[in-house]
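Work through the exercises below with the structure open. Each task is followed by a solution in steps.

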Amino acid sequence: MNEKEYETKLLSTPYPKRDAYGALSMPVYHALAYEFSTAEEMEAAFSGRTEEHTYSRVTNPTVQYFEERVKRATGAYGVTALNSGMAAISNTFITLAWSGSNLVTSRHLFGNTYSFFVKTLNAFGVEVRFCDLTNLEEVAEAIDERTCGLFVEVITNPQMEVADLEQLGRIAHNKHVPLIADTTIVPFPIFRAVDFGVDIEVVSSTKYISGGATSLGGLIIDYGLFDQYRAPLLQALADSSRSPFHTRLRKEVHRNLGAYMTPEVAYVQSIGLETLPVRFERQAAACKELAGKLQSLPEIQGVNYTGLKGNPFYEVSKKQFGDYPGAMLTFDLESKERCFGFLNKLKLIRRATNLFDNRSLIIHPASTIFGTFTAGQREMMDVKETTIRLSVGLESVDSLFGDIRQALAR
Ligand SMILES: *Cc1c(COP(=O)(O)O)cnc(C)c1O
């Protein structure tokens, strides 16, 4: 889909009902419960025969409108908005997994996703199998008839490894296992995950979509193309639903876990969606330009941005994401001490976690995001003491480059 089409579809998403005051932006429906004219209508709504709202942990008009916009923009079958990216990931796997199942994934994972898999989910009897996703034989061998899903991040951070989704999708589908991808780093509409074999997308909308660090949010985007789920509770729905996953998620798991998006967040993130391609384009182009400039600095030992020619993932990155694979890069300095000295001297770039704020943000992942991990775990995950991660905002490339140069000076 080209971007103009995205904007057109998004901006013309109709309300399910005419707004009482003709409001142009979907208002924030700060309602908790909803009133019915008759007991019969109430019965129909609660049983799911009609689609009226009953209670805002289950659905809410403002959140539903946000979901509808994402649905139109992606062409998905079902979209669920939750109150963080981690809620999207945890709701997805609690829907897919069962005690005695396993999931196959990479050693390179977002810190809390790793912890959710190896601690939280594992405590309920789900085995986590880590693979090198660039070794397709290893991935194929790890999948068996108790595998509930193959999970990948489209570009890992801070390792900057790109998953070849077409290949991984083929392996997963041959074995009747769904491919689930975290697309936070290159979200729709820039990257059409479904075209590369992804069955379910999870996104931290906290990042690009929120419009610049306005709020926490998460999305589960189900394309409804996969129907051979193995969890007993999903199999039970196979005959009655086009997507057993979406049905179980909406009728059971998300209601029970209670992490639905709030209407205020849906309102601001819905506005964030309107400017998503424009912001992405500017930030990613600036990131690429800056990555090129940083390569010329002798103090920097290696710049990792998959859109640079010569990057080991350049070809697969270009195939999947085009010329501008996001607005995040990493680079290495000679030691941890050198990284800290550099960070402390920055004047414009902010020392903070988070990605895709409108401001540029910088962090030393090994001592922060992965700071509570053991040295052995960090080594297993290829998180190095010498790596710095930069998320490029909307400032000018010249001023960002200038700040980096002055902070590198001894
Ligand atoms: C931030 C992030 C998450 C978690 O999202 P939250 O909204 O902070 O819960 C998951 N995956 C990736 C790739 C992220 O960058």
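**Exercise 1. Contacts of Arg129**

Task: In this predicted model, find which residues Arg129 is in contact with, leaving aside its neighbours within four places in sequence.

Solution.
- Step 1. Locate the residue. Arg129 sits in strand E3, residues 127-131.
- Step 2. Collect heavy atoms within 4.5 Å. The list is Asn102, Leu103, Val104, Thr105, Ala142, Asp144 and Thr147.
- Step 3. Look for polar contacts. A polar side-chain atom of Arg129 lies 2.8 Å from the backbone oxygen of Ala142. The side chains of Arg129 and Asp144 are joined by a polar contact of 2.9 Å.
- Step 4. Set a distance against these contacts. Glu5 and Arg129 are 124 residues apart along the chain, and their C-alpha atoms are separated by 40 Å.

**Exercise 2. The domain interface**

Task: Describe the interface of domain 1 and domain 2 by its contacts, its buried area and its residue classes.

Solution.
- Step 1. Fix the bounds. Domain 1 covers 3-265 and domain 2 covers 277-408. Their centres, taken over C-alpha atoms, are 28 Å apart.
- Step 2. Count the contacts. On the domain 1 side 37 residues take part, and on the domain 2 side 35.
- Step 3. Take the area. The size of an interface is often given as the accessible area lost when the parts come together. Here about 3,200 Å² is buried between domain 1 and domain 2, and carbon and sulfur atoms give 67% of this area. Pro158, Met160 and Tyr208 supply 23% of the area that domain 1 buries against domain 2, more than any other three residues.
- Step 4. Add the polar part. The interface has 11 residue pairs in polar contact, both members at pLDDT 80 or more.
- Step 5. Assign the domain 1 side to helices. H1 (3-11), H5 (111-121) and H7 (165-174) each supply at least two residues. H1 gives the most, with 3 residues.
- Step 6. Sort that side by class. It holds 20 nonpolar, 10 polar and 7 charged residues.

**Exercise 3. Salt bridges at Lys319**

Task: How many salt bridges link domain 1 and domain 2, and which side chain does Glu166 meet in a salt bridge?

Solution.
- Step 1. Recall the principle. Side chains of opposite charge can pair when their charged atoms come close.
- Step 2. Search the whole structure. The total is 17 salt bridges.
- Step 3. Restrict the search to the two domains. The count between domain 1 and domain 2 is 2.
- Step 4. Inspect Lys319. Its side chain meets Asp164 in a salt bridge at 3.4 Å, N to O. Glu166 and Lys319 also form a salt bridge, at 3.0 Å, N to O.
- Step 5. Place the second pair. Glu166 belongs to helix H7 and Lys319 to helix H12 (residues 314-321), so this pair ties together parts that are 153 residues apart in sequence.

**Exercise 4. Around the ligand**

Task: Which of the 13 residues around the ligand come nearest?

Solution.
- Step 1. Rank the residues. Gly85, Asp182, Ser204, Thr206 and Lys207 come nearest.
- Step 2. Check the side chains. Asp182 places a polar side-chain atom 2.7 Å from a nitrogen atom of the ligand. An N or O atom in the side chain of Ser204 is 2.8 Å from a ligand oxygen.
- Step 3. Check the backbone. A polar backbone atom of Met86 lies 2.8 Å from an oxygen atom of the ligand.

**Exercise 5. Backbone geometry**

Task: Is the peptide bond from Asn157 to Pro158 cis or trans, and is phi of His176 positive or negative?

Solution.
- Step 1. Start from the usual case. Most residues other than glycine have a negative phi, and most peptide bonds are trans.
- Step 2. Read omega. The bond from Asn157 to Pro158 is cis, with omega near 10°. The bond from Phe188 to Pro189 is cis, with omega near 0°.
- Step 3. Place the prolines. Pro158 is in the loop between strand E4 (147-153) and H7. Pro189 is in the loop between strand E5 (179-182) and strand E6 (200-204).
- Step 4. Read phi. His176 has a positive phi, near 60°. His176 lies in the loop between H7 and E5.

How values were computed: Residues are numbered from 1 along each chain as its sequence is written. This is a predicted model: local features need pLDDT of at least 70, side-chain atom pairs count only at pLDDT 80 or more; totals for chains, interfaces and linings use all residues. Side-chain values use heavy atoms; hydrogens and water are left out. Domain bounds come from an automatic or database domain assignment. Buried area is the accessible area (1.4 Å probe) that two parts lose on being put together, summed over both. A salt bridge is a side-chain nitrogen of Lys or Arg within 4 Å of a carboxyl oxygen of Asp or Glu. A polar contact is a pair of N or O atoms within 3.5 Å; within protein, one must be able to donate a hydrogen and the other to accept it, and residues adjacent in sequence count only if both atoms are side-chain atoms. Helices (H or I, at least four residues) and strands (E, at least two) are DSSP runs, numbered from the N terminus. Ala, Val, Leu, Ile, Met, Phe, Trp, Tyr, Cys and Pro count as nonpolar, Asp, Glu, Lys and Arg as charged, and the others, Gly among them, as polar. A residue is near a molecule or strand if one of its heavy atoms lies within 4 Å of it.
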